[in-house]
Amino acid sequence: MRKIMLRDYFLNKVEEALIKAVKANKLGQMNEYQKGSLIVEKPKNPDFGDFAINVSSLARSAKIAPPMIANAIVEFIEKEDNEYTVVAGFINFKAGETLLINLIKEIIDKKSNFGRPENVETEKIILEYISANPTGPFHIGHGRWAAMGSALANLLKFYGHEVYQEFYINDAGSQIQKLGRSLIIRVKQELGDDIDFPTDEEERKNYYPGDYLIPVAQAFLQKYPDTTLENIDKIELSTFCDFAKEYEEKVQRDLLDKLHVEFDNFYSELTLHNSGKVKHYVDKLTQSGKIYEKDGATWFRSSDYGDDQDRVIKKVDGSNTYLTADIAYHADKLERGFDRMIDIWGADHHGYIPRVKASLEALGYDPNKLEVLLGQLVNLVIDGNEVRMGKRKNMVTLEDLVDEVGVDATRFWMSMRNIDTTLDFDIELAKKSSDENPVFYVQYAHARACSIIRNAVNDRIDTQSGETIKAVMSESDFNSLLNNFNQDIVKLTLKEARKIILKLEEFKHLIVTSARDRQVYTICRYVQDLAAEFHSFYNSTRVITDDKSLTSARLAIVYAFKTVLANALRILAVSAPERM
RNA sequence: GCCCUGGUAGCUCAGCUGGAUAGAGCAACCGCCUUCUAAGCGGUAGGUCAUGCGUUCGAAUCGCAUCCAGGGUACCA
């Protein structure tokens with residue numbers, strides 16, 4: 001039997017009936033139906049049904065009133081055991097038991113693959129995110145891209161796309177020189193010199209005065225123990241640059257591991273220069289006449305492709321701009337055979353989009369293959385006060401945050417808002433183990449479900465009487481319940497479980513829309529709704545009873561619930577604990 | 001000035017390519033543990049969808065204008 005989403009099942013039924021109705025001349029002046037002009041929605045009021053289609057849009061061509069259209073269509077529907085009702089211009093649909101019990105069967109059969117769409121078009125996608133300078137620890141903002149990017153990768157993979165996750169290391173620019181110079185000062189300090197960073201604000205901008213370079217200086221002296229204040233100035237700057245860079249890259253990657261953010265590749269900007277690729281693409285642009293010299297600099301004619309103005313790619317001092325390497329980098333991604341590039345950038349880079357797209361077009365590529373997801377920034381809320389994350393000042397590092405609130409809370413909170421919304425990260429809330437904290441609420445539901453299953457298959461002790469209560473079924477009984485699942489038993493508990501089954505069904509649609517929209521916050525919302533539905537079911541319905549068939553039916557619901565919840569949490573890379 | 005986001009309940013946010021009475025969580029208030037995890041559940045209250053005009057049978061949703069907030073407007077990244 002074909003597994004299909006309820007809403008598509010309903011839509012198909014209506015469209016088939018509609019075509020028949022048109023042929024039978026029952027729809028006024030309407031003599032043709034264009035597929036796709038009807039949409040399925042969820043009624044706000046559940047009394048109307050599980051899904052609804054508004055046929056008012058057909059009134060224009062049919063020239064009869066919407067209720068008449070709806071009634072005419074419903075007459076041609078093969079209803080099976082589902083319920084169709086007409087209210088005003090709406091055709092309401094309420095799923096019958098066959099569809100619902102089949103759904104539980106589908107979950108139990110597919111397990112971790114439940115929700116993965118079938119027969120969809122997939123692409124080979126390169127997803128780039130975070131892409132920080134290796135000049136210091138990640139800050140809070142990087143955490144948002146880390147959580148969203150890796151969850152998006154998981155989502156797109158689950159959908160069926162081939163996803164390659166890449167971190168672009170900006171290890172070539174003047175930032176690295178700055179880093180090396182700063183390390184020299186820290187090393188000198190370690191050696192007892194009374195030196196410090198310049199106090200003049202302008203000069204200070206040429207350094208990274210943060211404390212985080214102190215341990216790097218100590219590590220440097222361990223590696224180069226012969227370093228003294230007398231000979232330090234003879235050591236090449238690049239030695240300091242390389243050491244600090246490698247150290248910070250290691251710090252960054254360790255944190256990514258901790259956060260379960262898994263890149264397929266770290267792409268060094270330096271290799272882009274050294275391999276000649278930057279020069280190659282600049283030459284290509286030059287050949288096509290898109291490069292010119294002005295005021296001693298070299299410019300790219302990006303305004304030919306919709307950018308506000310032309311952009312410098314080689315400065316007066318002969319060095320490249322950030323854009324120059326980025327042009328080569330994006331062209332190289334396409335040369336590596338990807339159908340689509342998705343980049344996650346901070347909103348502060350939005351002005352950058354037209355020039356990168358311009359470069360792709362100028363090089364003869366399709367600029368639409370680049371999709372830039374612009375993320376609004378993160379504000380930290382501490383004790384109810386908003387602490388704005390400046391570029392350098394009062395920087396709370398991501399690592400501090402993770403140590404404070406944990407990996408699961410960090411990942412969930414960083415993913416739970418629409419990417420277009422500035423994220424308020426309330427540290428106190430994220431730490432709480434209560435219903436104020438959605439992460440705990442969701443995880444608790446999973447642990448609770450696991451606990452029920454444990455109690456069903458294990459003997460347990462009555463805390464009041466101290467007597468042993470026999471397990472209602474053995475572990476192997478439970479396994480055969482799942483392995484030879486007979487969906488008909490679900491009928492026994494359909495009344496109580498109806499709502500949660502529909503919520504479980506929604507997961508299939510969720511994957512399709514979330515993947516299409518490149519949004520992961522919808523997954524966060526879903527797990528909260530799903531958990532709420534389960535908690536409600538739990539409170540109203542006793543699972544383990546003396547009635548073995550009924551117990552089996554409800555255990556199947558509990559198992560299906562925890563399976564789907566775990567699938568959703570796996571996308572978010574938030575753990576689904578067995579007990580709490 | 002121009003460009004990008006956002007403005008919905010006390011707070012944080014949903015609201016899909018316009019549709020049935022505007023939704024959730026938290027906070028507030030009232031209830032629910034002799035039974036599988038009360039880290040939970042049920043209920044009540046709470047809104048001029050920033051403002052104005054327009055398109056439409058119908059607008060929180062689309063268009064224009066205005067106001068407010070954040071970001072950008074580099075030969076920084």
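Colleague: Which helices and strands each supply at least two residues of the surface near RNA strand B?

Modeller: In this predicted model, the elements that do so are strand 2, strand 4, helix 17 (438-457) and helix 20 (521-540). Helix 17 gives the most, with eight residues.

Colleague: What makes a residue count as near the RNA strand?

Modeller: One of its heavy atoms has to lie within 4 Å. There are 59 residues around RNA strand B, and Lys315, Tyr444, Arg448, Ser451 and Asn455 come nearest. By class, this surface has 22 nonpolar, 21 polar and 16 charged residues.

Colleague: Which parts of RNA strand B do the atoms within 4 Å of the protein belong to?

Modeller: Sugar or phosphate accounts for 65% of those atoms, and bases for the rest.

Colleague: How do you know that threonine 421 has a polar contact with RNA strand B?

Modeller: An N or O atom in the side chain of threonine 421 is 3.1 Å from a phosphate oxygen of RNA strand B. The limit for such a pair is 3.5 Å, so the contact counts.

Colleague: What do the backbones of tyrosine 538 and methionine 580 face in RNA strand B?

Modeller: Base atoms. A polar backbone atom of tyrosine 538 is 2.8 Å from a base nitrogen, and one of methionine 580 is 3.2 Å from a base oxygen. Each pair counts as a polar contact because the distance is within 3.5 Å.

Colleague: Why are glutamate 128 and lysine 333 called a salt bridge?

Modeller: The closest N and O atoms of the two are 2.8 Å apart, and the rule asks for a side-chain nitrogen of Lys or Arg within 4 Å of a carboxyl oxygen of Asp or Glu, so the pair qualifies. The pair links distant parts of the chain, with glutamate 128 in strand 5 and lysine 333 in helix 12 (residues 322-335), 205 residues apart.

Colleague: Are glutamate 128 and lysine 333 buried or exposed?

Modeller: Glutamate 128 has a relative accessible area of 5% and lysine 333 one of 0%. Buried means under 20%, so both partners are buried.

Colleague: What makes aspartate 403 exposed and lysine 258 partly exposed?

Modeller: Aspartate 403 has 52% relative accessibility, which is over 50%, so aspartate 403 counts as exposed. Lysine 258, at 33%, falls between the limits of 20% and 50% and is therefore partly exposed. Their side chains meet in a salt bridge of 2.9 Å, N to O. This pair also links distant parts of the chain: aspartate 403 belongs to helix 14 (residues 398-405) and lysine 258 to helix 9, 145 residues apart.

Colleague: How many salt bridges does the rule give?

Modeller: The count comes to 35. Another of them joins arginine 516 and aspartate 517, at 2.9 Å from N to O. Lys42, Lys503, Glu506 and Asp529 are linked in a network of salt bridges.

Colleague: Why is asparagine 170 called buried?

Modeller: Its relative accessibility is 7%, and the limit is under 20%, so asparagine 170 is buried. Asparagine 170 is in the loop between strand 6 (162-169) and helix 6 (174-190). A polar contact of 3.5 Å joins its side chain to that of tyrosine 322.

Colleague: Where is alanine 132 found?

Modeller: In the loop between strand 5 (124-128) and helix 5 (140-159). At 4% relative accessibility alanine 132 is under 20% and therefore buried. Its C-alpha is separated by 7.3 Å from that of tyrosine 168, 36 residues away along the chain.

Colleague: What makes histidine 260 partly exposed?

Modeller: Its relative accessible area is 45%, which lies between 20% and 50%, so that label applies. Histidine 260 sits in the loop between helix 9 (237-258) and strand 7 (265-268). Histidine 260 and valine 407 are 8.6 Å apart, C-alpha to C-alpha, and 147 residues apart in sequence.

Colleague: What is the sign of phi at alanine 88 and aspartate 295?

Modeller: Positive, although neither is a glycine: about 50 degrees at alanine 88 and about 55 degrees at aspartate 295. Alanine 88 is in the loop between strand 3 (83-87) and strand 4 (90-94), and aspartate 295 in the loop between strand 8 (291-294) and strand 9 (297-300). Aspartate 295 has 66% relative accessibility, over 50%, so aspartate 295 is exposed. Alanine 88, with 48%, is partly exposed.

Key
Residues are numbered from 1 along each chain as its sequence is written. Chains are lettered from A and ligands numbered from 1 in the order in which they are written. This is a predicted model: local features need pLDDT of at least 70, side-chain atom pairs count only at pLDDT 80 or more; totals for chains, interfaces and linings use all residues. Side-chain values use heavy atoms; hydrogens and water are left out. Helices (H or I, at least four residues) and strands (E, at least two) are DSSP runs, numbered from the N terminus. Buried means under 20% relative accessible area, exposed over 50%, partly exposed in between (1.4 Å probe, protein chains only). A polar contact is a pair of N or O atoms within 3.5 Å; within protein, one must be able to donate a hydrogen and the other to accept it, and residues adjacent in sequence count only if both atoms are side-chain atoms. Ala, Val, Leu, Ile, Met, Phe, Trp, Tyr, Cys and Pro count as nonpolar, Asp, Glu, Lys and Arg as charged, and the others, Gly among them, as polar.
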